[in-house]
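The following note is offered to a colleague who is meeting this structure for the first time. The points are numbered so that each may be checked against the coordinates in turn.

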Amino acid sequence: MKIRPYGDTSHDGKVQVSFTLPISTDGLGISAAKELAKKMGLVNPQVVHVEDIHEGYRFFVVYGSVPFEIEIDTLKDEEIENVSLSKEEIEEMISKNFNRNLVFVGASTGSDAHTVGIDAIMNMKGYAGHYGLERYKGIQAYNLGSQVENEEFVRFARKVKADVLLVSQTVTQKDVHIKNLVNLVELLEAENMRKDVILIAGGARITNELAKELGYDGGFGPRKYAEDVAAFAVERLLEKK
Amino acid sequence: MENKLMLNQTMIEECRTFAKKITDEVEKVIKVRSTLTVERTVLRLLGVDGINQFDEPIPNQMVDEVVHNGDISKGISTYIASALYHTKLSLADFIDQYKKSEVNLTQIPLIDSKKVRVVLAPYINQSFEKISKNKVLRETLIHNYGKNLTDLYVIVATGNIYEDVIQAKAAAKAGADIIAVIRSTGQSLLDYVPFGATTEGFGGTFATQENFKIMRKALDEVGLEEKRYIKLVNYASGLCMPEIAAMAALERLDVLLNDSMYGIIFRDINMQRTFIDQHFSRMINAYAGIIINTGEDNYLTTSDAYSEAHTVLASQFINEEFAFRAHLKEELMGLGHAFEIDPEIKDSFLYEVAQAEMAREIFPNAPLKYMPPTKHISGNIFKAYQQNTLFNIATHLTGQSIHLLGMMTEAIHTPFLSDRYLAISNAKMIQKSMASIREEFIFKKDGIIQNRASEVLEKAHELLGQIASNSLFKALEDGIFAGVKRPYEGGKGLGGVFVKSKDYVNVVFDALEVKFNEN
């Protein structure tokens, strides 16, 4: 199927963009913004707003149409597709198939000080009405918090015989998260532990595609909750059995 | 004092009594101990600075030398004074020779405490004079330009101090009154302060004395053009609380994040270490006229903002009492809280107003720091802008003092120039269009807002009572705040805590006490 953006009529291809240009007059700014929009491929760009936001810098809001369509049948789905299971269904799946608690170890690793992501998945309270893994029957969840060095993370995982490792990365400046995520995979391989665990990355800028590329079993970005992560991990553990 | 919420004043007084009892016990631990960063702070305020050939700061090298080859329980003051006394060198010359390993601190006979004070007095006086001049200059500038009821606070975080300067100047010109330079992630866990101007950081820029100086100069320049005093913020939390406070005092920073418990709860720093460090750092802030900001907002990003609101209030009472004990005036206590209730909850805005107004009325003279929504902000920047508008209204309606602006691109990237501009425009529009709203609006008797505030106060009262009858150490071990449990002997930095010997001397501490008693 071929699609185009929808403004107020099918196939009108309308999009909005906003950006800042280092330019000091409105008139020249509008011409420059239009030119930029054209180079971006927009047809009939309209600069609907220009504002001086700092000496030498102007902010623009532009509307225009894209002249092309997108074929979606050949595209990959960026999000992990798993059967959406409820907390109770996951708990039942664990009790039916495993005669022990599954051990999940999570942390925000490296220099990353943000716990928001890992807390949303693991804390008892969870996020947006989705209870965290700590509340799941059949799951022993350890949330090591933030700024956990990869070495320490791996040591702890070995100590508690982890089944699933959850790594959260929030800070992405200068791709520090990529280096850190790769380092963990290398460390697990060096310790001969990679095959023993389901390794999952999470964070606002993490996609499943990126995680797999880095050697993870899966990756979860925004709008994913504890049950998405748990269902994915438990299914993988079942496959491994 | 305003009492729009009809809060139970007796209960508020009892909360303060509980907080006194709670901090009494902690003070016993603080009094007899010092830490390595406290000792390094003494050196810094005597004028010791610089790094050796291995990039190690000289204050660290000196304190470590005494730890390994001397007796640090006597205090670094004794060692540095004895060395200067016997070598007859000036401090600057001594440092020069120390870098070349021509002199040391631990193979010299120690002099008595009276002589220590005499030898070090000129150096302390020099630093104190500089700090006191900074304070007078700040007060004069604020007096001349005029004081804002609410200061708009924005963050820069490029990792490169020179890039930060561009962004900070732009923000100030767009209307920001306070600029915070976020630190590189992980700096709070460094047991030393990096040296010099830095251009590489992750998620922020290293706090160094040189970076402080560069940003101060830039903000003074833009302040002169704008005819406003632009305040500069940095972060003292971590393993070097008092050292950062000393550097901030010397370079005329105006606000420091300085919580009595944040490091314990959110950075797993040992509780004894944190309590000792926060006390000394706050004494420095008190003398320098630096506003402290406490970190209660963090409880709400970790736990639920509705059900855990009382832990914020309880912590504010504890932070207030710790601050009093470090001689901080109410006018310097920027107690923190946040707008973090799930916007999907019915009447959530009313609950936010209740909690913000409650903080305002209970701490009427404190420059309260109000933090924007972050937890329930998604990639929908338009919704985020809407949430920030609600936050701005709550801020204005309840007369908050330090207004940290929310960014529509929170959790997406470090703010674009335009993100920050739009955030400032949003707040400015609310300030103007609702200029008199605080005087015009009263709250319905026994309505949702009044009842919510009473409920939070009652729960905080109950919690403080429990902590007072057990102990704050126990409360931290039990995970009362933000659901995080921390053992008394656990966490980072415990190795840097020591019990003072009978002949311990800290010339900076003593000089500060003299200053406080003069006033």
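**Note on the sheet, the interface and the domains**

1. In chain A, β2(A) pairs with strand β4 (residues 57-65) in the antiparallel sense, over eight bridges. Within this region, A:Phe19 has A:Phe60 of β4(A) as its bridge partner. The reader should bear in mind that the model is a predicted one.

2. The sheet of chain A to which these strands belong is open and has three strands, in the order β2-β4-β3, with antiparallel pairing. Its edges are formed by β2 (14-21) and β3 (43-54) of chain A, each of which pairs on one side only. On average, and with direction ignored, neighbouring strands of the sheet are turned by 15 degrees against each other.

3. Which helix of chain A packs on the sheet? It is helix α1 (residues 26-39), which touches β2, β3 and β4 of chain A. The direction of α1 of chain A makes about 135 degrees with that of β3(A).

4. A helix of chain B also meets these strands: α16(B) lies across β2, β3 and β4 of chain A. Relative to β3(A), α16(B) runs at about 65 degrees.

5. As to the interface between the chains, 23 residues of chain B are in contact with 20 residues of chain A. On the side of chain B that touches chain A, at least two residues are supplied by each of α7 (161-174), α12 (297-302) and α16 (417-433) of chain B. The residues on that side of chain B comprise eight nonpolar, eleven polar and four charged.

6. Chain B itself is divided into domain 1 (33-147 + 489-519) and domain 2 (149-452). A distance of 30 Å lies between the C-alpha centres of domain 1 of chain B and domain 2 of chain B.

7. How many residues of the two domains of chain B are in contact? The contact involves 33 residues of domain 1 of chain B and 34 residues of domain 2 of chain B. The elements β1 (33-35), α2 (36-46), α6 (113-145) and α20 (507-518) of chain B each contribute at least two residues to the side of domain 1 that touches domain 2. Among the contributions to this side of domain 1 of chain B, the largest share is that of α6(B), with ten residues.

8. Finally, the composition of this side of domain 1 of chain B may be recorded. Where domain 1 of chain B touches domain 2 of chain B, its residues divide by class into 14 nonpolar, eleven polar and eight charged.

Notes: Residues numbered from 1 in each chain as written. Chains lettered and ligands numbered in written order. Predicted model: local features only at pLDDT ≥ 70, side-chain atom pairs only at ≥ 80, totals over all residues. Contact = placed C-beta atoms within 7 Å. Helix = DSSP H or I, 4+ residues; strand = E, 2+ residues; numbered from the N terminus. Nonpolar A, V, L, I, M, F, W, Y, C, P; charged D, E, K, R; others polar. Pairing = 2+ DSSP bridges. Axes fitted to C-alpha atoms, helices over the stretch in contact; angles between N-to-C directions. Domains from an automatic or database assignment.
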